[in-house]
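Me: I am in my first year and would like a close look at a single part of this structure. Please pick one helix, and then show me what surrounds it.

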Amino acid sequence: IAKIEDIDIFLNPQLNRLTNPEFMKDLVKGSNIIIGKIKERKKIRIVGDYDVDGVMSVYILFKGLKSLNANVDYVIPDRILDGYGINIKIIQQAIEDDIDTIITCDNGISAIDQINFAKDKGMTVIVTDHHDIPFIEEKGDRVYISSKADAIINPKQKDCIFPEKNLCGASIAYRLIMYLYEINNIEKNRSE
């Protein structure tokens, strides 16, 4: 932060200064999926991460979706028993619990096999993440890879026009809830 206007934005944050969340690739698509699942009373499970960004992402999504009357719960993987992010065990438990939709937060972008497994089992999967997009090297070029998730919300995707690329996972979760509130005519600054 070096410019006077950047210092002001940092010290005096305002909601009206945030970039329109609709610019984030798949955010509108993911929101429409979520609204449909809420209307159908489908079970939604949030899969977070054990660090502060992951826990805050879960909190934002859970509180926001609950306020929209979603049938939602969450899982935060155990650092020792589960490792980082979504895994096959978490997906199998979701299947046993009759979960229809999984929303990842602060993880999922590199869980290609795990998310493809969930998709092959008929689940809906929405990824919200801020980590770098995985790639393979082919003849000296980077070829970015992704899962078969129904929506992948991550501003670091090559074809995402959202200008802020270095957001934390909680900020992406917040932008998703911000947009869901907007399309449902709920006040943005609601404190519940």
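Reply: Here is a walk along one helix, then its neighbour, and then a few other spots in the chain.

Keep one thing in mind: this is a predicted model.

Start with helix α2, which covers residues 27-39. How far apart are its end C-alpha atoms? They are 18 Å apart. Is that what we should expect? The helix has 13 residues, and at 1.5 Å a residue they should span 18 Å, so the two values agree.

Now look at which residues of α2 are hidden. The buried residues are Leu27, Gly30, Ser31, Ile34, Ile35, Lys37 and Ile38. They cover an arc of only 165° around the axis, so they sit on the same side of α2. A general rule helps here. An α-helix has 3.6 residues a turn, so residues three or four places apart point the same way.

What do the buried residues of α2 pack against? Three of the partners are strands β1 (43-47), β3 (101-105) and β4 (124-128). The list also includes β7 (151-153). Helices take part too, with α3 (52-67) and α6 (169-183) among the partners.

One residue in α2 deserves a pause. Lys37 is found in this helix. Is Lys37 buried or exposed? Its relative accessibility is 13%, and buried means under 20%, so Lys37 counts as buried. What does Lys37 touch, leaving out residues up to four places away in sequence? Its contacts are Lys42, Ile44, Asp100, Thr101 and Thr124.

Just past the end of α2 comes Arg41. Its phi is positive, at about 60°. Most residues other than glycine have a negative phi.

Next, turn to α3, one of the helices that α2 packs against. It has 16 residues, which at 1.5 Å each should span 22 Å. Its end C-alpha atoms are 22 Å apart, so expectation and model agree.

Which residues of α3 are buried? They are Asp53, Gly54, Ser57, Val58, Ile60, Leu61, Gly64 and Leu65. These residues cover an arc of only 165° around the axis, which puts them on the same side of α3. What covers them includes α2, β1, β2 (71-75), β3, β4 and α6.

Two other residues of α3 are not on that buried list. Val52 is found in α3. With a relative accessible area of 66%, Val52 is exposed, because exposed means over 50%. The C-alpha atoms of Val52 and Glu22 are separated by 26 Å, though these residues are 30 residues apart along the chain. Lys66 is in α3 as well. Its relative accessible area is 42%, so Lys66 is partly exposed. Lys66 and Ile172 are 106 residues apart in sequence, and their C-alpha atoms are 18 Å apart in space.

Just after α3, there is another positive phi. Asn69 takes a value of about 70°.

Two further residues have a positive phi. Asp106 is not a glycine, yet its phi is about 65°. Where does Asp106 lie? It is in the loop between β3 and α5 (112-120). Asp106 has a relative accessibility of 1%, so it counts as buried. Asn185 is also a residue other than glycine, and its phi is near 55°. Asn185 is in the segment after α6. At 72% relative accessibility, Asn185 counts as exposed.

Finally, move to the start of the chain. Helix α1 runs over residues 4-11, and Glu5 is in it. At 47% relative accessibility, Glu5 counts as partly exposed. Glu5 and Ser110 are 105 residues apart in sequence, and 36 Å apart from C-alpha to C-alpha.

The largest pocket has a volume of about 290 Å³. What lines it? The residues are Ile1, Asp6, Ile9, Phe10, Pro13, Gln14, Leu15, Arg17 and Leu18. By class, six are nonpolar, one is polar and two are charged.

To return to the helix we began with: the buried residues of α2 are on the same side of the helix, and α3 is among the elements they pack against.

Note on methods
Residues numbered from 1 in each chain as written. Predicted model: local features only at pLDDT ≥ 70, side-chain atom pairs only at ≥ 80, totals over all residues. Heavy atoms only, no water. 1 Å grid on protein atoms, 1.4 Å probe; cavity = no way out; pocket = protein on both sides within 12 Å on 5 of 7 lines; lining within 4 Å. Points joined across faces, edges and corners; volume = space filled by probe spheres on them. Nonpolar A, V, L, I, M, F, W, Y, C, P; charged D, E, K, R; others polar. Helix = DSSP H or I, 4+ residues; strand = E, 2+ residues; numbered from the N terminus. Expected span 1.5 Å × (residues − 1). Buried < 20%, exposed > 50% of the residue type's maximum accessible area, 1.4 Å probe, protein only. Arc of directions from axis to C-beta. Contact = heavy atoms within 4.5 Å.
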